[in-house]
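Subject: Structure handover, with notes on aromatic contacts

Dear colleague,

I am passing on the structure below, and I would be grateful if you could look through it alongside the notes that follow.

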Amino acid sequence: MQAVGPPVRHMSSSSLLVRLGLALLLCGQAAAAAADAWRAFDTPLFESVRVADGLPHGTVTSIAQDRRGMIWMGTFGGLVRFDGHRMQVFRQDALDPHQLPDSYVRAIAPLADGRLLIGTNAGGLVVFDPATMRFDRLPVGAGGSAHAKIFALAPARGGGYWAATEGGLDHVDLAARRVRAVAGAPGAAPGLDPRSFAVLEDRRGNLWVGSNAGLLLRRAGARAFAPVAAAGVAGEILRDKIWALHEDRAGRIWVGSGQTGVLFLDAGLQPRLVPGLSGVDGLARRRTVRAFLETDGGANGGAIWAATDGGGVVTWDAATGAAGRIVHDPAMPASLPGDITRALLEDRDGNVWIATEVGAARYNPAGRVVLSMLSSPLNPATLSDPNVHTVWVGPRGRVWLGLGMGRIDILDRERGRIARVRLTGEQAERDVQAFAIGPDGQVWAGSQGVARIDPDSLAVTGSAIPALDSKLILAMAVDGRDMLIGTYDGLFRYGTATRRLDRFVADPADPRSLAGNQVRLITRMPGNEFWFSTITGISVATPGRAGFTPLRNDPRDPHSLPHDYSGSIERDSRGRTWLGTFGGIGILDRATPPYRFTRVTAADGLASEKINALLTEGERAWASTSDGVALIDGKRFGVRNLGPRDGLVIDSYVHRAAAHAPDGALMFGGLGGLTVVRPDAVRPPTARPQLAITNLLVDGAALPFAAIPDAGRTLALAASRRGFRADFALLDYRAPAATRYSHRLRGFDDDWVEVPFGTPPAAAYTNLPSGDYRLELRAETGGLFPQTITLSTPIAVAPHWYETLWFRALCALAAVAAVVAIVALRTRLLRQRARRLEGLVDERTQALRSANDRLAALASTDPLTGIGNRRRFLESATQELDLARRHGLPVSLIIVDLDRFKSINDNYGHPVGDAVLKRAAEATVRACRPGDVVARFGGEELVVLLPETAAAAALAAAEEVRRGLAVPGEFEGQAIAITASAGVAEWRAPDETLASLIERADRALYEAKRTGRDRAVLAATG
């Protein structure tokens, strides 16, 4: 995802208002930079829900949350109910009047009583009732909605809802199930265009309508609408098509237009331009503004977000005046999935949802503990390389990042910019793993050899120490006029004045030699001691003392160094020394002999004992490990591990790559980017997430949503229905993949039953004995503040008549006389139950087989046209070619492509385009023989394989297909002429591949297109 901003250039208008706004914007940006030094590099990262996750169509058109906390999404292909793990899809069914009348859902309005008011593209208004699971249609036409195309819904202050439609503005009275046109609305008054795209009734009772002819207003108490007019850029916006309206918490009315951006009307209803967002040169880039959202909280909180139809999401921060843009970045998987955005929602837990053309995206503004800087060549606010090998704070507080491939990024947080340096010569294309300020004031950078960089001009001088050009530099530090340099081949001391280079290496025969030759970190300690961390222990160099004092792990001593592979060394506010090793963390109360370490290991909660880097903060410490980042309490040494709920994205970190930022943030380099931990944002959650049963099946039959018991309400099962499955989920939608679920049925289960990781949570039970139970559901979240949320639901299973107390008493009185009869009766009942179970098993087995058959058909059939899909064609064509190769038979291929199909979609809409495609498929099938293979190959392209057919006959067949398509047809009242071009190729037996045959037919199709369309061309055989 690419977030562009915060600086916004300007609009084309030279009005005084825009200039004043720009001045305020610059002041606001300066204030924002002071308040959050990381703002320019803080880009929202999204989790996406796509077709692969169960959406019926990639284009999401509307999003809402009902009173139970479920997310509802309207798409081009149906209505979706989503609990974070599962989707339930409702589609149009022409044979059922109580299903959706149209799968294209444009607007969703959750009602206070649990129902949904839904506006469709061609089916008018419907109300979904969770008590009956029915969609009740409201009338269209006389006595009903002005038009079947519903653009928007908005609550009416006097009750009911406003509906903006293709034919004007309606008022929906849900209590009376009545829809009426609004007097004086667009189209009802002279000169007002009826097409209404947006509607809003503000707190003062003013009624606003966004129409095809601009913004209209009916003031509170008035009876007629009037256009809202203004001069200059504001007038251009207000006269444009208005697609979005929103009233913010300050009472401002936000207006989104078709091509000229946005503005707002202040408390006096005077239009105010928004620098960066108003006018044709604004960040919306002439794209239609579809929806507004006022976010709440977080670094990007307290802002107005505007969804655009092709320009991503544009944002404006009221506190700072900063405008920005959130767009899709193909190089960053966690970016906004698509730039065509149609709807926005902030759910009750603060998540921001964005409807796009490739699914829905969710962003968690509350996960602000961690900021992740990723890499993308398309975004100047991201890293130039994903692998951060070292982090260092250099002159003037700038953050220097040593990256892969000889790259260095320098973060100037005050200016919100990244300067980029690339090493040359021997240092080029090598990982940059160390920085230091040399005695000459230059920045010394270690990769393969050492380079020097001017901190002002950033000019690079390569091969600062030619004798080390073949060495990989791991660490550097300054000791007076000397440079201490750690490598894979020992420790070097370089005199910058004398240019003398001394080397120190490990000598197994000398206990005072270096502990190991791989010197990974050099740390200056109190008393001017230097500690050299290696993979075989630590060497301590004390002034005035020859050689080194070794520190190593002793398996017999629990107070020795936890592991010889050592790295970060940090001192906390109490003067304690923390050491990160590959065996956990060691803590010294004093850094003088005898060295006795207190250890923090996996037994204390570390997810991994391989500590890559360690930073202290006050009395506590933060550590990057092989499995993420952990926080270690400095008093009891308890461990909490960061997770996705805290904003953690990167989970693979680099040894020693960490540093303190000047503002107190903690920076950890990883294989994937830079993680910035902001301790001041560590706050416990203020609310507990809601755990809920989201779907309930009793003996395989789904209960209506309204019948699903809330917390504490009993689920009563009849004696004949003793099995159920409860789907459940944590409805805060945050990091669902990282949440662990379990369940137990008290009175039946001995212990908790864990839901396998990655499996949608569900509790299923069958053949329960009669009695009272309690279903307990549990969700455990991770992160800095893990929570355990439970839900308890009573379950009452009614007894069979023969399980009741009166019957048992009667049996006890007659036990002696009727023992034989009772045994026979019991045997008969058990056999009946066995037969019922056998029948149920047979029934479900048959249902499973039928479901598998349907899935196989869906996998091989194009859902729009009903003919084979690309996969089915490739399988069938491969078989036909193999058969032709064995028997020496000819085979030909036809590729048919509808001419100027995009103009049909653009001029008449996608539903008409779909109808044209269906008719094209039907005409192609009619023109072909039963044994021919017909399929939709992609988009508006159809393909036909003709077994036992030579080129001449195939060309004749192509002409017949083309003539069959050329008959004019009528689609939704529109007479449309369809033509098609075709490419024909005969298989060059026996060695030509299917791919080659397709490629030749495609070239022939291209030739048909190039030479005028509406014709068939035969591919050359040579």
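A residue is called buried when its relative accessible area is under 20%, and exposed when that area is over 50%. Please keep in mind throughout that this is a predicted model.

By the first of these cut-offs Phe728 is buried, because its relative accessible area is 0%, and Tyr741 is likewise buried, at 4%. The ring centres of Phe728 and Tyr741 lie 5.6 Å apart with their planes at 80 degrees, so this pair is edge-to-face; Phe728 belongs to strand β61 and Tyr741 to strand β62, and 13 residues separate them. The loop between these two strands, β61 (724–730) and β62 (740–746), holds Ala737, which is exposed because its relative accessible area is 62%. Ala737 and Gly84 are 653 residues apart in sequence, yet their C-alpha atoms are 9.2 Å apart in space.

Turning to the aromatic rings in general, the count comes to 36 aromatic pairs. One of them joins Trp254 and Trp316, whose ring centres are 5.3 Å apart and whose planes meet at 55 degrees, so the pair is tilted. This pair links strand β20 (residues 253–257), where Trp254 sits, to strand β25 (residues 313–317), where Trp316 sits, across 62 residues. Trp254 is buried at 0% relative accessibility, and Trp316 is buried at 8%. Ring pairs also link Trp72, Phe90, Phe128, Phe135 and Phe705 into a cluster.

Finally, two arginines deserve mention: Arg413 lies over the face of Trp38, 5.2 Å from the ring centre, and Arg640 lies over the face of Phe785, at 5.0 Å.

With best regards

Key. Residues numbered from 1 in each chain as written. Predicted model: local features only at pLDDT ≥ 70, side-chain atom pairs only at ≥ 80, totals over all residues. Heavy atoms only, no water. Helix = DSSP H or I, 4+ residues; strand = E, 2+ residues; numbered from the N terminus. Buried < 20%, exposed > 50% of the residue type's maximum accessible area, 1.4 Å probe, protein only. Phe/Tyr/Trp six-rings, centres within 6.5 Å; stacked < 30°, edge-to-face > 60°. Lys NZ or Arg CZ within 6 Å of the ring centre and 35° of its normal.
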